[in-house]
Protein chains: 6
Amino acid sequence: MSNPLLQKLKNGDVCLNGWLTIPDAFVAEVMAQTGWDSLTIDLQHGLHDYRSAVAALQALHGRPVTPLARVPWNEPGIIGKVLDAGAWGIVCPMVNTAADAKALADACLYAPQGARSNGPIRAGFYGTASPYQTIANANILVLPQIETPEAVENLEAILDTPGISGAYVGPSDLGLCMGLPPILDREEPQILEIYERIIGATRERGQIAGIQNNSPAYAARMGKMGFQILTIATDVNLMGFAAHQAVKAGRELTSEAARA
Amino acid sequence: MSNPLLQKLKNGDVCLNGWLTIPDAFVAEVMAQTGWDSLTIDLQHGLHDYRSAVAALQALHGRPVTPLARVPWNEPGIIGKVLDAGAWGIVCPMVNTAADAKALADACLYAPQGARSNGPIRAGFYGTASPYQTIANANILVLPQIETPEAVENLEAILDTPGISGAYVGPSDLGLCMGLPPILDREEPQILEIYERIIGATRERGQIAGIQNNSPAYAARMGKMGFQILTIATDVNLMGFAAHQAVKAGRELTSEAARA
Amino acid sequence: MSNPLLQKLKNGDVCLNGWLTIPDAFVAEVMAQTGWDSLTIDLQHGLHDYRSAVAALQALHGRPVTPLARVPWNEPGIIGKVLDAGAWGIVCPMVNTAADAKALADACLYAPQGARSNGPIRAGFYGTASPYQTIANANILVLPQIETPEAVENLEAILDTPGISGAYVGPSDLGLCMGLPPILDREEPQILEIYERIIGATRERGQIAGIQNNSPAYAARMGKMGFQILTIATDVNLMGFAAHQAVKAGRELTSEAARA
Amino acid sequence: MSNPLLQKLKNGDVCLNGWLTIPDAFVAEVMAQTGWDSLTIDLQHGLHDYRSAVAALQALHGRPVTPLARVPWNEPGIIGKVLDAGAWGIVCPMVNTAADAKALADACLYAPQGARSNGPIRAGFYGTASPYQTIANANILVLPQIETPEAVENLEAILDTPGISGAYVGPSDLGLCMGLPPILDREEPQILEIYERIIGATRERGQIAGIQNNSPAYAARMGKMGFQILTIATDVNLMGFAAHQAVKAGRELTSEAARA
Amino acid sequence: MSNPLLQKLKNGDVCLNGWLTIPDAFVAEVMAQTGWDSLTIDLQHGLHDYRSAVAALQALHGRPVTPLARVPWNEPGIIGKVLDAGAWGIVCPMVNTAADAKALADACLYAPQGARSNGPIRAGFYGTASPYQTIANANILVLPQIETPEAVENLEAILDTPGISGAYVGPSDLGLCMGLPPILDREEPQILEIYERIIGATRERGQIAGIQNNSPAYAARMGKMGFQILTIATDVNLMGFAAHQAVKAGRELTSEAARA
Amino acid sequence: MSNPLLQKLKNGDVCLNGWLTIPDAFVAEVMAQTGWDSLTIDLQHGLHDYRSAVAALQALHGRPVTPLARVPWNEPGIIGKVLDAGAWGIVCPMVNTAADAKALADACLYAPQGARSNGPIRAGFYGTASPYQTIANANILVLPQIETPEAVENLEAILDTPGISGAYVGPSDLGLCMGLPPILDREEPQILEIYERIIGATRERGQIAGIQNNSPAYAARMGKMGFQILTIATDVNLMGFAAHQAVKAGRELTSEAARA
């Protein structure tokens, strides 16, 4: 029992992460068969809540992907629930200070490293010591989102907080907070400079850096820069964009056929 | 109050139909914003049941697509329920005889044309005569699936059954029943000959022909042949294929980056 | 363990029945506290399916109303399921012949009276003989809907079918099938004559007659005529009409206030 | 893309608001057809949670009402989620201090006005700058509930917090906290005096005042006093009260009929 | 890709089958970790419907048990849906004649052996020929329930119907139809004689016999008699009985403690 | 209207509490028929969330058990929601300080004892003063979990916080935080000493002590020690353990039969 994604990251692999926003377990199991290293169930901006996340985690069991979850906020109730349900890592929005980072680590890790409450219901029978509890702290990825200038300012303090595994960049919020449009795959020099700083600071500490992207090409650039967790796409964007393309092609080809 | 898809079909338009198999209303509303003329909620091979179909129909209200439903079987209970919930047409599997076609028409149409029970709960308040009941029979598309050799043999009798709007071809079942692999976008001459016969028979009667396809290009050929309802893709295939492509591109580009 | 509604009907009481169309258990429990003798969960034209019906039946347990269910169609699978889940009676649409009536009775009653399969999961532990099985046949109300001219023609044969408890009139379908608008609370003499005939035939056989109404006043007339199960209103019509009234009053009073 | 309710409020209109407590999308769409200016999905005392709120928001799309949400508590996770899902305003319970008000505004508004995280999944494709993000801050109604003596004491400080749109009065909590019974439509002079003060303070600042009422008549008085958002009724109270009335009338009329 | 249970049965193994009646995927995955050869999702007398069955099938993926389903009735719509969702076998109630058996086989098997419609959505992408379709007919268990005297009378004709895999005995219905109490683990000689006859007839044809039991001890006797699929317990009975025992022990021990 | 469990506790009874982790209302109603004094719906480590808790509370109505809820965290939003939905007591994890205890009491009790917001939707019609509000504060059990050394250190301050009903021990977390394995039914002297101290402190204040156990025998010892609320088992452990036993017995007995 271990976190396969963590092993790959420790090996220095660049990992591809998919993003689940559609609250349906069938979507999760289809995505799980398309080659991702990990899938992140998004309970913040995705339409998932705890119960749909559980269904997705159940569907992901036995599939060759590592399940992670992004929580709606840095709140110990929901963090504990998704970990108990089987997520191997937490992406947490808006971690801006060392105090935020400590609260996050406390919610993710058992004592003495943290203050997570015992009861891993899908990993063992609750009320029983199981292998899970002995390996959990070493296997749970604790990924604060760095997505505000305040977080960038406090970057080192956040990363130095015991229990933190690295940093996950939220480019659209970072830009928005800096007065720029809320997009991914950014080219502004001041943003790229921040990325470099994040890479440097995590690498220095033997930690992981991850980032949300909107295309394989940009993601590959980020991988080359040093990010190891590359989110490339969300379920709904993949479907929506492919549907747009299919309809467009269908319209054009049927018009041509009609004219021919 | 009318069926916009039917208007287009009567105008002679070739219409693009999307296929909903993921039992989630968010998928329905995203698909509804990508340009389809109609969306068919699949209660047979899709993962939808009645309750998820209702949620999809609720999400499709106010969107520029006409909702249809494929029912699990030629059974009046479920046909009535999805019509009452707001579907503007029924695609019905395995209609092989005139008797099957009559049962289908009876389930879809109010007396005297049929035997549908009154109670269109999402179209008016149940127990009250509303505009819906006066226009329903003229607006509901009643589409038997022609997908067995028996159905092809009985084609004219099926189409001549009062209340039937035309024929919708299920290529994979048709092939399977003829000893061929169960695929779409078929090239076997004996199959294409059947398609031509279906086009001819429906056109002769002023009816509609539709067909399930797996690519815009093949669909366009079918449109040129005379099919007016062209299903091009399903939600899950669009997502799954796009995810495969994204991961493949991500792997290649990150490998290149690593090698560079 | 018995069916309280049946006791009242046997005493000659006129009973008030409410109609549940909103697929939510909270609606069921609120309706259950407003004085009805029975509540009918509508799986045909209501938005209920089996799972929401189970939730409603769970919510109705321990409340002073008898739960009935209207099934989507005369199909033994769903009839068995809602009985196993705890309904004390079945209202079945479109029972037009003695054969339909026999199929209905078979689905509702255990051998030797019928062919219901054993497994009353919410009334006892499945696989165990419990008091339920010994009293079920005597307590389940089996109510075919008389709602077509064909059913009226076959009325006596339907009522003479062993196991049938009486007749439940569907006025809107009856009218629709006779070329009249699909409404409740009807005044056409030919319809009222049918009602009298149904009352006579059921009374003669010591059976129960019921009818769907749209107002307490009309229902009371029907009660006087001899109907014992009087459906007066549906959850959604009560809510929708009251909302219309509240908004209308709100608009008028705020306009007056503005003018004052 | 804009908030139609806000336009009416800016025009000085008195608006009628309905309250959704039943966690079902069909209830939402029926209520949406009865004339309200806005409907508030209640995630605090109503039975809604995030997933049922999403279903209601999906059902309200394309209907002539503006959707608002009352959140369970002043917590940024759920506030962000219901805004991302399409609510045009937040009613937040128990805002008692300027600090509470600032937390609320931060959760509702994007930088630089607030700290809402970007990802409006039902308003645009996540990860893309869309028109929504450019108009959101100007269109989201941020309504703290004034429902304790402490809040009344801090009224001006709350209203002066940047981003706050006005005040929404919770009469039953306000009374309860003052040692009075927890009812709506109150007549105590000390309460009415508070209402006047709230009207004055919001008017002075060009802000909006709203209040929960239990009858059109009392609501109209409040409208005359200066409240612009008048909640008149909840879905469940409308249904429950109407059911009581129907059963009562049914009992009386059938008894009369029996005596006649 | 194959049916592991079928392999064991062909090897002559006696297999232990658990029964799922609680419509929750967590129950399915816990049951899947307790050693059963197969688990049967009960859509007839269990509280499962199609959607909860899908969730259970998703949870069972990757677990060391073979999933089967009991359908509510011999109806092709639901049989096709649960097979498409991944069940490896169908237990079908009330198969009383060769015609019933043929309808069942038709619904379970693809042409030319049957008439199942193509679209195995969870086993391959719909519309594509996948390995599943080429192995399905050889791997799907088609198990009619022999549970009436009529079925016993027609036993050989049922078993001789092409596509039928054997017989599954429903002891409580069989007894009920013979005027005996509806229990499992029966001792009546006339019943045991029927069991012997079923064993003989299936063995003769190289088919499988299965039976529903209520205890490991009785099940073992049935295994010795020749039944190969032994259902021993249901999720809810296991839980309910264990809870009774725990509470009883708790009461006794706390009373003793109090007296001590 | 009152809390039956509280009456028993005041009488000095030792009460048996069951634990609900499976998010299904059928499980709740089956457990409710097996003799427990109370059932606690676990929203923290159980798979329940608010909506499944509501379904369980609806199913428990009219059953002879008192419903309690364990919340995911000391957060007023969810505490208010489960109380409004009908729980008669709150078990709250990780109450470590007097400030935590005050926050908990504020969330559970109406003014002037606390700050709970009015709106008990399942106990009365919201917006109306009902008997519930007048008896709630005297009947709601407010049970902080004592499960860290910090909580033990602050025990008296926690118990002295107005509104607190006593202490509920979480043995696995308490052990984990003390460097011991996370199990129930503990024998370490330093732990048993803490239990004695908790019994003493609660008894002194006329308060209630409760504890989570894993067996009737250990629970009885705890009852003798002075704990009055004895949780003996969870739904899922009862089912899982019984299934293990049944399969094991089945394997052994069928092997013996095969050998015989």
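**A walk around chain E**

Let's begin inside chain E, at helix α4 (residues 76-84), which is mostly covered: nine of its nine residues are buried. Bear in mind as we go that this is a predicted model. The buried residues of α4(E) run through E:P76, E:G77, E:I78, E:I79, E:G80, E:K81, E:V82, E:L83 and E:D84. What do these buried residues pack against? Their partners in chain E are α3, the strands β3 (66-70) and β4 (89-92), and α5 (98-108). If you follow the backbone just past α4(E), you come to E:G86, which takes a positive phi of about 120 degrees.

From here we can turn to the neighbours of chain E, starting with chain A. Their contact draws eight residues from chain E and eight residues from chain A. On the side of chain E that touches chain A, the elements giving two or more residues are α2 (25-31) and α3 (50-60) of chain E. Of these, α3(E) gives the most, with three residues. By character, the residues on this side of chain E divide into three nonpolar, three polar and two charged. The helix α3 thus appears twice on our route: the buried residues of α4(E) pack against α3, and α3(E) also contributes to the side that touches chain A.

How are these two chains arranged with respect to each other? As a general point, two copies of a chain are related by a rotation about an axis and a shift along it. Here, a rotation of 180 degrees with 0.0 Å of shift along its axis superposes chain E on chain A, with an RMSD of 0.0 Å. The two copies are therefore related as by a two-fold rotation axis. To find that axis from chain E, look for E:G62, whose C-alpha is the nearest to the axis in that chain, 2.2 Å from it. Because 100% of the interface residues of chain E are also interface residues in chain A, the copies meet through the same surface.

Next comes chain F, reached through a pair of helices. Helix α12 (residues 235-259) of chain E packs with helix α11 (residues 216-225) of chain F at an angle of about 35 degrees, their axes 8 Å apart. This crossing of α12(E) and α11(F) is right-handed. On the α12(E) side the contact is made by E:A246, E:A249, E:G250, E:L253, E:T254 and E:A257, and on the α11(F) side by F:P216, F:A217, F:A219, F:A220, F:G223 and F:K224. The residues of this helix contact divide into eight nonpolar, three polar and one charged.

Finally, some chains stay apart. Chain D and chain E do not touch, with their nearest C-alpha atoms 17 Å apart. Chain A and chain C do not touch either, and their nearest C-alpha atoms are 17 Å apart.

Terms used. Residues numbered from 1 in each chain as written. Chains lettered and ligands numbered in written order. Predicted model: local features only at pLDDT ≥ 70, side-chain atom pairs only at ≥ 80, totals over all residues. Contact = placed C-beta atoms within 7 Å. Helix = DSSP H or I, 4+ residues; strand = E, 2+ residues; numbered from the N terminus. Nonpolar A, V, L, I, M, F, W, Y, C, P; charged D, E, K, R; others polar. Axes fitted to C-alpha atoms, helices over the stretch in contact; angles between N-to-C directions. Left-handed = near helix turned anticlockwise from the far one by under 90°. Buried ≥ 20, exposed ≤ 12 C-beta atoms within 10 Å, placed from the backbone. Least-squares fit on C-alpha atoms with pLDDT ≥ 70 in both.
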